[in-house]
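Student: I have a structure open and a list of terms that I do not fully trust. Could we go through them and see what each one rests on?

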Amino acid sequence: MQIQNNHSLKNFNTFGIDAKCKRLIILESEDDIVDYFDNHNNGNKFLLLGGGSNLLIKKDLNYDVLMLTFKGIKIINDDEDSITLEVQAGENWHKFVEFLVNNNYFGFENLALIPGNVGTAPIQNIGAYGVEQEKHFISLRGYSIESNQFETYTKEQCQFGYRNSIFKSKLKGKFIITSVTYKLSKTDPPNLSYTELENYLIQHKLEATAKNVFDSVIYIRSNKLPSPSELGNSGSFFKNPIITQIDFNRILSEYSDLRGFPQNNGTIKISAGWLIEKAGLKGYRVGDAAVYEKHALILVNYGNATGHDIWQIAEYVIETVFEKFRVRLEPEVNVVE
Ligand code: EPU
(Lines give C-alpha, C1' and ligand atoms only; values in the text may rest on other atoms or scores of the structure.)
Protein backbone atom coordinates (compact mmCIF):
# COMPACT_ATOMS: atom_id res chain seq x y z
CA MET A 1 0.00 0.00 0.00
CA GLN A 2 1.16 3.52 -0.72
CA ILE A 3 -0.22 6.53 1.14
CA GLN A 4 0.32 10.07 -0.14
CA ASN A 5 -1.00 13.05 1.80
CA ASN A 6 -2.80 16.04 0.27
CA HIS A 7 -2.31 14.71 -3.24
CA SER A 8 -3.52 16.38 -6.44
CA LEU A 9 -6.00 14.34 -8.46
CA LYS A 10 -5.32 16.20 -11.73
CA ASN A 11 -3.70 13.20 -13.39
CA PHE A 12 -6.31 10.79 -12.09
CA ASN A 13 -9.51 12.24 -13.55
CA THR A 14 -10.08 12.57 -17.28
CA PHE A 15 -11.65 16.03 -16.82
CA GLY A 16 -8.17 17.09 -15.66
CA ILE A 17 -9.62 18.92 -12.65
CA ASP A 18 -6.87 20.04 -10.29
CA ALA A 19 -8.49 19.16 -6.96
CA LYS A 20 -6.75 17.61 -3.98
CA CYS A 21 -7.70 14.76 -1.69
CA LYS A 22 -6.84 14.22 1.95
CA ARG A 23 -4.81 11.08 1.21
CA LEU A 24 -4.30 9.12 -1.99
CA ILE A 25 -4.20 5.43 -1.11
CA ILE A 26 -2.81 3.02 -3.69
CA LEU A 27 -4.04 -0.52 -3.05
CA GLU A 28 -1.84 -3.06 -4.79
CA SER A 29 -3.46 -6.31 -3.69
CA GLU A 30 -6.56 -7.71 -1.98
CA ASP A 31 -4.52 -7.87 1.24
CA ASP A 32 -3.99 -4.09 0.98
CA ILE A 33 -7.77 -3.60 0.90
CA VAL A 34 -8.20 -5.59 4.10
CA ASP A 35 -5.28 -3.75 5.73
CA TYR A 36 -6.72 -0.36 4.74
CA PHE A 37 -10.17 -1.03 6.18
CA ASP A 38 -8.81 -2.76 9.30
CA ASN A 39 -6.15 -0.19 10.15
CA HIS A 40 -6.38 3.06 8.19
CA ASN A 41 -9.99 3.93 7.42
CA ASN A 42 -11.66 4.15 10.86
CA GLY A 43 -15.13 4.18 9.33
CA ASN A 44 -14.45 7.40 7.42
CA LYS A 45 -15.82 8.42 4.07
CA PHE A 46 -13.69 7.52 1.02
CA LEU A 47 -13.89 7.58 -2.76
CA LEU A 48 -12.87 4.65 -4.92
CA LEU A 49 -11.30 5.84 -8.14
CA GLY A 50 -11.22 3.59 -11.20
CA GLY A 51 -9.83 5.22 -14.30
CA GLY A 52 -11.31 8.54 -13.13
CA SER A 53 -13.18 8.60 -16.41
CA ASN A 54 -16.71 8.98 -15.15
CA LEU A 55 -16.14 11.53 -12.49
CA LEU A 56 -16.54 15.24 -11.81
CA ILE A 57 -14.69 16.43 -8.70
CA LYS A 58 -16.44 19.65 -7.64
CA LYS A 59 -13.87 20.74 -5.04
CA ASP A 60 -10.99 19.50 -2.85
CA LEU A 61 -11.96 16.27 -1.11
CA ASN A 62 -11.35 16.18 2.62
CA TYR A 63 -11.35 12.39 2.64
CA ASP A 64 -9.33 9.47 1.24
CA VAL A 65 -9.26 8.50 -2.41
CA LEU A 66 -8.49 4.82 -3.10
CA MET A 67 -6.99 3.46 -6.29
CA LEU A 68 -6.70 -0.24 -7.13
CA THR A 69 -3.74 -1.11 -9.31
CA PHE A 70 -3.77 -4.88 -9.44
CA LYS A 71 -3.83 -6.45 -12.87
CA GLY A 72 -4.12 -9.86 -14.52
CA ILE A 73 -6.35 -11.96 -16.76
CA LYS A 74 -6.98 -15.58 -15.75
CA ILE A 75 -8.67 -18.26 -17.85
CA ILE A 76 -11.50 -19.86 -15.86
CA ASN A 77 -12.88 -22.03 -18.65
CA ASP A 78 -11.93 -22.61 -22.26
CA ASP A 79 -14.00 -24.72 -24.64
CA GLU A 80 -14.74 -24.90 -28.35
CA ASP A 81 -17.30 -22.09 -28.42
CA SER A 82 -16.34 -19.77 -25.62
CA ILE A 83 -13.81 -18.57 -23.10
CA THR A 84 -14.43 -17.42 -19.54
CA LEU A 85 -11.94 -14.95 -18.09
CA GLU A 86 -11.49 -13.44 -14.66
CA VAL A 87 -10.04 -9.94 -15.07
CA GLN A 88 -8.51 -7.97 -12.21
CA ALA A 89 -10.03 -4.55 -11.43
CA GLY A 90 -6.94 -2.51 -12.33
CA GLU A 91 -6.79 -3.67 -15.96
CA ASN A 92 -7.42 -0.88 -18.44
CA TRP A 93 -10.73 -1.52 -20.22
CA HIS A 94 -9.57 -0.71 -23.75
CA LYS A 95 -6.42 -2.84 -23.40
CA PHE A 96 -8.63 -5.72 -22.26
CA VAL A 97 -10.87 -5.31 -25.32
CA GLU A 98 -7.81 -5.18 -27.56
CA PHE A 99 -6.53 -8.41 -25.99
CA LEU A 100 -9.89 -10.07 -26.71
CA VAL A 101 -9.99 -8.96 -30.34
CA ASN A 102 -6.38 -10.06 -30.93
CA ASN A 103 -7.22 -13.51 -29.57
CA ASN A 104 -10.50 -13.87 -31.48
CA TYR A 105 -12.70 -13.78 -28.40
CA PHE A 106 -15.80 -11.95 -29.56
CA GLY A 107 -18.40 -9.74 -27.93
CA PHE A 108 -16.74 -6.59 -26.63
CA GLU A 109 -15.33 -5.15 -29.87
CA ASN A 110 -18.13 -2.52 -29.84
CA LEU A 111 -16.80 -1.27 -26.50
CA ALA A 112 -13.38 -0.22 -27.82
CA LEU A 113 -11.84 2.98 -26.49
CA ILE A 114 -14.12 3.40 -23.49
CA PRO A 115 -11.87 5.03 -20.92
CA GLY A 116 -11.58 3.53 -17.45
CA ASN A 117 -10.75 0.25 -15.79
CA VAL A 118 -12.36 -3.18 -15.78
CA GLY A 119 -13.25 -2.86 -12.08
CA THR A 120 -15.43 0.17 -12.69
CA ALA A 121 -17.11 -1.08 -15.89
CA PRO A 122 -19.93 -2.90 -14.03
CA ILE A 123 -20.72 0.06 -11.76
CA GLN A 124 -22.32 2.07 -14.53
CA ASN A 125 -22.79 -0.95 -16.82
CA ILE A 126 -20.77 0.70 -19.58
CA GLY A 127 -22.23 0.50 -23.05
CA ALA A 128 -21.77 1.75 -26.58
CA TYR A 129 -22.75 0.91 -30.14
CA GLY A 130 -25.43 -1.62 -29.19
CA VAL A 131 -23.56 -3.58 -26.49
CA GLU A 132 -23.49 -3.23 -22.70
CA GLN A 133 -20.96 -5.01 -20.49
CA GLU A 134 -23.76 -6.98 -18.81
CA LYS A 135 -24.20 -8.96 -22.04
CA HIS A 136 -21.09 -11.06 -21.35
CA PHE A 137 -20.97 -10.63 -17.59
CA ILE A 138 -20.87 -13.75 -15.41
CA SER A 139 -19.99 -12.53 -11.92
CA LEU A 140 -17.73 -10.24 -9.93
CA ARG A 141 -15.74 -10.45 -6.74
CA GLY A 142 -15.15 -7.68 -4.27
CA TYR A 143 -14.73 -6.57 -0.70
CA SER A 144 -17.82 -5.72 1.32
CA ILE A 145 -17.12 -2.94 3.77
CA GLU A 146 -20.14 -3.94 5.83
CA SER A 147 -19.23 -7.61 6.26
CA ASN A 148 -15.44 -7.12 6.02
CA GLN A 149 -15.36 -10.05 3.64
CA PHE A 150 -14.81 -10.81 -0.01
CA GLU A 151 -18.09 -11.68 -1.72
CA THR A 152 -19.20 -12.80 -5.17
CA TYR A 153 -22.08 -11.14 -7.01
CA THR A 154 -23.97 -12.86 -9.80
CA LYS A 155 -25.40 -10.96 -12.75
CA GLU A 156 -28.85 -10.89 -11.18
CA GLN A 157 -27.55 -9.58 -7.89
CA CYS A 158 -25.81 -6.71 -9.70
CA GLN A 159 -29.20 -5.38 -10.93
CA PHE A 160 -27.80 -3.95 -14.15
CA GLY A 161 -29.81 -1.29 -15.97
CA TYR A 162 -29.08 1.51 -18.42
CA ARG A 163 -25.85 3.05 -17.02
CA ASN A 164 -26.84 1.62 -13.66
CA SER A 165 -26.28 -1.18 -11.15
CA ILE A 166 -26.64 -1.93 -7.44
CA PHE A 167 -23.15 -0.40 -6.99
CA LYS A 168 -24.59 3.01 -7.90
CA SER A 169 -27.52 2.65 -5.50
CA LYS A 170 -27.75 0.33 -2.47
CA LEU A 171 -24.06 -0.58 -2.41
CA LYS A 172 -22.69 2.84 -3.32
CA GLY A 173 -19.53 3.36 -1.25
CA LYS A 174 -19.98 -0.03 0.41
CA PHE A 175 -18.33 -2.46 -1.97
CA ILE A 176 -14.98 -2.59 -3.74
CA ILE A 177 -14.93 -4.60 -6.95
CA THR A 178 -11.65 -6.50 -7.24
CA SER A 179 -12.24 -8.69 -10.31
CA VAL A 180 -14.86 -9.32 -12.96
CA THR A 181 -15.58 -12.56 -14.84
CA TYR A 182 -16.75 -12.38 -18.44
CA LYS A 183 -17.66 -15.08 -20.94
CA LEU A 184 -16.80 -14.29 -24.57
CA SER A 185 -17.71 -16.20 -27.69
CA LYS A 186 -15.34 -17.76 -30.20
CA THR A 187 -18.04 -18.01 -32.86
CA ASP A 188 -20.61 -15.20 -32.52
CA PRO A 189 -20.94 -12.76 -35.45
CA PRO A 190 -20.41 -9.06 -34.62
CA ASN A 191 -23.29 -7.00 -33.26
CA LEU A 192 -24.25 -4.40 -35.88
CA SER A 193 -27.54 -3.32 -34.32
CA TYR A 194 -26.33 0.30 -34.04
CA THR A 195 -27.21 1.86 -37.38
CA GLU A 196 -24.31 4.30 -37.48
CA LEU A 197 -21.84 1.45 -37.03
CA GLU A 198 -23.47 -0.75 -39.67
CA ASN A 199 -23.55 2.16 -42.13
CA TYR A 200 -19.88 2.85 -41.51
CA LEU A 201 -18.91 -0.73 -42.39
CA ILE A 202 -21.09 -0.70 -45.52
CA GLN A 203 -19.77 2.67 -46.71
CA HIS A 204 -16.17 1.56 -46.26
CA LYS A 205 -16.85 -1.86 -47.80
CA LEU A 206 -15.60 -3.57 -44.66
CA GLU A 207 -16.46 -7.17 -43.93
CA ALA A 208 -18.37 -7.65 -40.66
CA THR A 209 -15.52 -9.05 -38.57
CA ALA A 210 -14.75 -8.31 -34.94
CA LYS A 211 -11.46 -6.63 -35.90
CA ASN A 212 -13.22 -4.36 -38.41
CA VAL A 213 -15.89 -3.48 -35.85
CA PHE A 214 -13.17 -2.72 -33.30
CA ASP A 215 -11.28 -0.49 -35.76
CA SER A 216 -14.48 1.23 -36.92
CA VAL A 217 -15.64 1.99 -33.38
CA ILE A 218 -12.21 3.48 -32.67
CA TYR A 219 -12.52 5.63 -35.78
CA ILE A 220 -16.10 6.76 -35.10
CA ARG A 221 -15.42 7.50 -31.44
CA SER A 222 -12.18 9.36 -32.11
CA ASN A 223 -13.97 11.58 -34.58
CA LYS A 224 -16.84 12.40 -32.26
CA LEU A 225 -15.53 12.14 -28.75
CA PRO A 226 -12.55 14.19 -27.64
CA SER A 227 -9.57 12.23 -26.33
CA PRO A 228 -9.12 13.04 -22.61
CA SER A 229 -5.37 13.34 -23.18
CA GLU A 230 -6.02 16.29 -25.51
CA LEU A 231 -9.18 17.81 -24.03
CA GLY A 232 -10.43 17.11 -20.51
CA ASN A 233 -13.83 15.39 -20.53
CA SER A 234 -15.72 12.52 -19.00
CA GLY A 235 -17.52 11.04 -22.00
CA SER A 236 -21.28 11.52 -21.96
CA PHE A 237 -21.98 13.87 -19.08
CA PHE A 238 -25.73 13.18 -18.98
CA LYS A 239 -27.82 10.04 -19.36
CA ASN A 240 -30.14 9.83 -22.33
CA PRO A 241 -33.53 10.54 -20.72
CA ILE A 242 -36.30 7.98 -20.80
CA ILE A 243 -39.70 9.68 -21.17
CA THR A 244 -43.37 8.73 -21.51
CA GLN A 245 -45.09 8.28 -24.86
CA ILE A 246 -47.21 11.37 -24.03
CA ASP A 247 -44.13 13.54 -23.53
CA PHE A 248 -42.55 12.06 -26.64
CA ASN A 249 -45.60 12.98 -28.73
CA ARG A 250 -45.66 16.46 -27.21
CA ILE A 251 -42.07 17.17 -28.28
CA LEU A 252 -42.51 15.42 -31.62
CA SER A 253 -45.45 17.68 -32.48
CA GLU A 254 -43.01 20.60 -32.47
CA TYR A 255 -39.87 18.86 -33.71
CA SER A 256 -40.44 16.31 -36.44
CA ASP A 257 -36.79 15.21 -36.37
CA LEU A 258 -37.04 13.85 -32.81
CA ARG A 259 -35.90 10.23 -32.70
CA GLY A 260 -36.96 7.78 -30.02
CA PHE A 261 -35.81 4.34 -28.93
CA PRO A 262 -38.77 2.41 -27.42
CA GLN A 263 -38.01 0.60 -24.15
CA ASN A 264 -39.63 -2.63 -22.96
CA ASN A 265 -42.11 -0.93 -20.64
CA GLY A 266 -43.63 1.48 -23.18
CA THR A 267 -41.35 4.40 -22.33
CA ILE A 268 -39.02 5.97 -24.90
CA LYS A 269 -35.35 6.84 -24.68
CA ILE A 270 -34.39 10.05 -26.45
CA SER A 271 -31.04 11.65 -27.11
CA ALA A 272 -29.78 14.11 -24.51
CA GLY A 273 -27.28 15.40 -27.09
CA TRP A 274 -30.16 16.28 -29.41
CA LEU A 275 -32.06 18.11 -26.62
CA ILE A 276 -28.98 20.13 -25.67
CA GLU A 277 -28.25 20.99 -29.29
CA LYS A 278 -31.87 22.07 -29.91
CA ALA A 279 -31.70 24.20 -26.77
CA GLY A 280 -28.90 26.08 -28.54
CA LEU A 281 -26.17 25.04 -26.15
CA LYS A 282 -23.79 23.10 -28.38
CA GLY A 283 -20.45 24.90 -27.99
CA TYR A 284 -21.73 27.04 -25.07
CA ARG A 285 -18.67 28.14 -23.12
CA VAL A 286 -17.89 30.07 -19.96
CA GLY A 287 -14.16 30.47 -19.33
CA ASP A 288 -12.56 27.07 -19.79
CA ALA A 289 -15.73 25.05 -19.16
CA ALA A 290 -17.90 24.23 -22.16
CA VAL A 291 -20.40 22.05 -23.96
CA TYR A 292 -18.28 20.31 -26.60
CA GLU A 293 -18.77 21.90 -30.02
CA LYS A 294 -18.84 18.56 -31.88
CA HIS A 295 -21.08 16.59 -29.50
CA ALA A 296 -23.48 18.30 -27.13
CA LEU A 297 -23.65 15.45 -24.62
CA ILE A 298 -20.05 16.01 -23.61
CA LEU A 299 -18.80 18.74 -21.29
CA VAL A 300 -15.16 19.71 -21.70
CA ASN A 301 -12.38 21.45 -19.82
CA TYR A 302 -10.32 23.64 -22.15
CA GLY A 303 -7.53 23.85 -19.60
CA ASN A 304 -8.05 25.46 -16.25
CA ALA A 305 -11.74 24.94 -15.48
CA THR A 306 -12.47 23.97 -11.90
CA GLY A 307 -14.97 21.27 -10.98
CA HIS A 308 -17.28 24.07 -9.89
CA ASP A 309 -17.01 25.74 -13.34
CA ILE A 310 -17.98 22.49 -15.09
CA TRP A 311 -20.83 21.93 -12.65
CA GLN A 312 -22.19 25.42 -13.35
CA ILE A 313 -22.32 24.62 -17.05
CA ALA A 314 -24.05 21.32 -16.22
CA GLU A 315 -26.68 23.08 -14.10
CA TYR A 316 -27.27 25.66 -16.81
CA VAL A 317 -27.76 22.88 -19.36
CA ILE A 318 -30.20 21.04 -17.07
CA GLU A 319 -32.23 24.23 -16.44
CA THR A 320 -32.29 25.39 -20.06
CA VAL A 321 -33.29 21.98 -21.41
CA PHE A 322 -36.00 21.68 -18.75
CA GLU A 323 -37.43 25.10 -19.55
CA LYS A 324 -37.59 24.28 -23.23
CA PHE A 325 -38.68 20.63 -23.21
CA ARG A 326 -39.93 19.88 -19.66
CA VAL A 327 -37.44 17.00 -19.58
CA ARG A 328 -34.96 16.88 -16.71
CA LEU A 329 -31.49 15.64 -17.64
CA GLU A 330 -29.56 13.67 -15.07
CA PRO A 331 -25.78 13.45 -14.88
CA GLU A 332 -24.34 10.14 -15.94
CA VAL A 333 -20.99 10.94 -14.35
CA ASN A 334 -20.40 10.57 -10.65
CA VAL A 335 -20.35 14.09 -9.19
CA VAL A 336 -18.37 14.26 -5.93
CA GLU A 337 -17.42 16.99 -3.44
N1 EPU B 1 -27.21 14.11 -31.25
C2 EPU B 1 -27.47 15.41 -31.63
N3 EPU B 1 -26.55 16.38 -31.31
C4 EPU B 1 -25.43 16.12 -30.64
C5 EPU B 1 -25.14 14.80 -30.25
C6 EPU B 1 -26.06 13.80 -30.57
O7 EPU B 1 -28.49 15.69 -32.21
O8 EPU B 1 -24.66 17.06 -30.40
C9 EPU B 1 -28.18 13.06 -31.57
C10 EPU B 1 -28.05 12.54 -32.96
O11 EPU B 1 -29.33 12.42 -33.47
C12 EPU B 1 -27.42 11.17 -32.79
C13 EPU B 1 -27.98 10.75 -31.45
O14 EPU B 1 -28.01 11.97 -30.71
O15 EPU B 1 -27.81 10.30 -33.81
C16 EPU B 1 -27.14 9.75 -30.72
O17 EPU B 1 -25.80 10.22 -30.60
P18 EPU B 1 -24.59 9.20 -30.40
O19 EPU B 1 -24.67 8.09 -31.38
O20 EPU B 1 -23.32 9.95 -30.31
O21 EPU B 1 -24.92 8.55 -29.01
P22 EPU B 1 -25.29 9.22 -27.65
O23 EPU B 1 -26.69 8.81 -27.30
O24 EPU B 1 -24.98 10.65 -27.62
C25 EPU B 1 -24.57 7.10 -26.31
C26 EPU B 1 -23.75 6.80 -25.09
C27 EPU B 1 -22.26 6.89 -25.42
C28 EPU B 1 -21.96 5.88 -26.51
C29 EPU B 1 -22.85 6.18 -27.73
C30 EPU B 1 -22.71 5.13 -28.79
C31 EPU B 1 -25.10 7.52 -23.18
C32 EPU B 1 -25.29 8.53 -22.11
N33 EPU B 1 -24.09 7.73 -24.03
O34 EPU B 1 -24.29 8.44 -26.66
O35 EPU B 1 -21.53 6.53 -24.26
O36 EPU B 1 -20.60 5.92 -26.88
O37 EPU B 1 -24.23 6.20 -27.33
O38 EPU B 1 -23.35 3.97 -28.40
O39 EPU B 1 -25.84 6.54 -23.23
C40 EPU B 1 -20.54 7.45 -22.31
O41 EPU B 1 -21.37 6.84 -21.65
O42 EPU B 1 -19.64 8.16 -21.75
C43 EPU B 1 -20.56 7.37 -23.75
C44 EPU B 1 -19.72 8.05 -24.51
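Tutor: Yes. Keep in mind that this is a predicted model. We can begin with strands β18 and β19.

Student: How do you know that strand β18 and strand β19 pair?

Tutor: Pairing requires at least two bridges. Three bridges join β18, residues 289-291, to β19, residues 298-301, so the two strands pair, and they run antiparallel. One of the contacts can be named: V291 has L299 in β19 as its bridge partner.

Student: What is the order of the strands in the open sheet?

Tutor: The order is β13-β19-β18-β17, four strands with antiparallel pairing. At the edges stand β13 (232-236) and β17 (285-286); each has a single partner strand, so one side of each lacks a neighbour in the sheet. Helix α8, residues 307-325, packs on this sheet and touches β17, β18 and β19. The direction of α8 makes about 30° with that of β18.

Student: What makes strand β12 largely enclosed?

Tutor: A residue counts as buried under 20% relative accessible area. In β12, residues 175-185, 10 of the 11 residues are buried, so the strand is largely enclosed by the rest of the structure.

Student: Which strands pair with β12?

Tutor: Strand β7 (residues 82-88) is joined to β12 by seven bridges, in the antiparallel sense. Strand β10 (residues 137-144) also pairs with β12 over seven bridges, again antiparallel. Y182 in β12 is the bridge partner of L85, and F137 stands opposite Y182 as well. Both F137 and Y182 belong to one aromatic cluster, together with W93, F96, F108 and F160.

Student: Why is the contact between E196 and K224 called a salt bridge?

Tutor: The cut-off is 4 Å between a side-chain nitrogen of Lys or Arg and a carboxyl oxygen of Asp or Glu. For E196 and K224 the N to O distance is 3.0 Å, so the pair qualifies. E196 lies in helix α4 (residues 195-203) and K224 in helix α5 (residues 210-224), 28 residues apart, so this pair links distant parts of the chain. E196 is partly exposed at 31% relative accessibility, and K224 is partly exposed at 24%.

Student: Where do D215 and K211 lie?

Tutor: Both are in helix α5, four residues apart, about one turn of the helix. Their side chains meet in a salt bridge at 3.0 Å, N to O. D215 has 34% relative accessibility and counts as partly exposed; K211, at 41%, is partly exposed too.

Student: How many salt bridges are found in the whole structure?

Tutor: The search finds 12. Another of them joins D257 and K278, with the closest N and O atoms 2.9 Å apart. D257 sits in the loop between α6 (245-254) and β15 (260-262), while K278 is in helix α7 (residues 272-278), 21 residues away.

Student: How many disulfides are there?

Tutor: Zero, by the rule that the two cysteine sulfur atoms must lie within 2.5 Å. Among the cysteines, C21 is buried at 1% relative accessibility, and C158 is buried at 0%.

Student: Why is the pair of Y36 and F37 called edge-to-face?

Tutor: Ring centres must lie within 6.5 Å, and planes over 60 degrees apart count as edge-to-face. The centres of Y36 and F37 are 4.9 Å apart and the planes meet at 80°, so the pair is edge-to-face. Y36 is buried at 0% relative accessibility, and F37 is buried at 11%.

Student: What makes the pair of Y200 and Y219 tilted?

Tutor: Their planes are at 35°, which is neither under 30 nor over 60 degrees, so the pair is tilted. The distance is 5.5 Å centre to centre. Y200 in helix α4 and Y219 in helix α5 are 19 residues apart. Y200 is buried at 14%, whereas Y219 is partly exposed at 47%.

Student: What is the sign of phi in N42?

Tutor: Positive, near 50°, in a residue other than glycine. Most residues other than glycine have a negative phi. N42 is in the loop between α1 (30-40) and β3 (46-49). Its relative accessible area is 63%, over the 50% cut-off, so N42 is exposed.

Key:
Residues are numbered from 1 along each chain as its sequence is written. This is a predicted model: local features need pLDDT of at least 70, side-chain atom pairs count only at pLDDT 80 or more; totals for chains, interfaces and linings use all residues. Side-chain values use heavy atoms; hydrogens and water are left out. Contact means heavy atoms within 4.5 Å. Axes are lines fitted to C-alpha atoms, for helices over the stretch in contact, and angles run from 0 to 180 degrees between N-to-C directions. Buried means under 20% relative accessible area, exposed over 50%, partly exposed in between (1.4 Å probe, protein chains only). Rings of Phe, Tyr and Trp (its six-membered ring) pair if their centres lie within 6.5 Å; planes under 30 degrees apart count as stacked, over 60 as edge-to-face and the rest as tilted.
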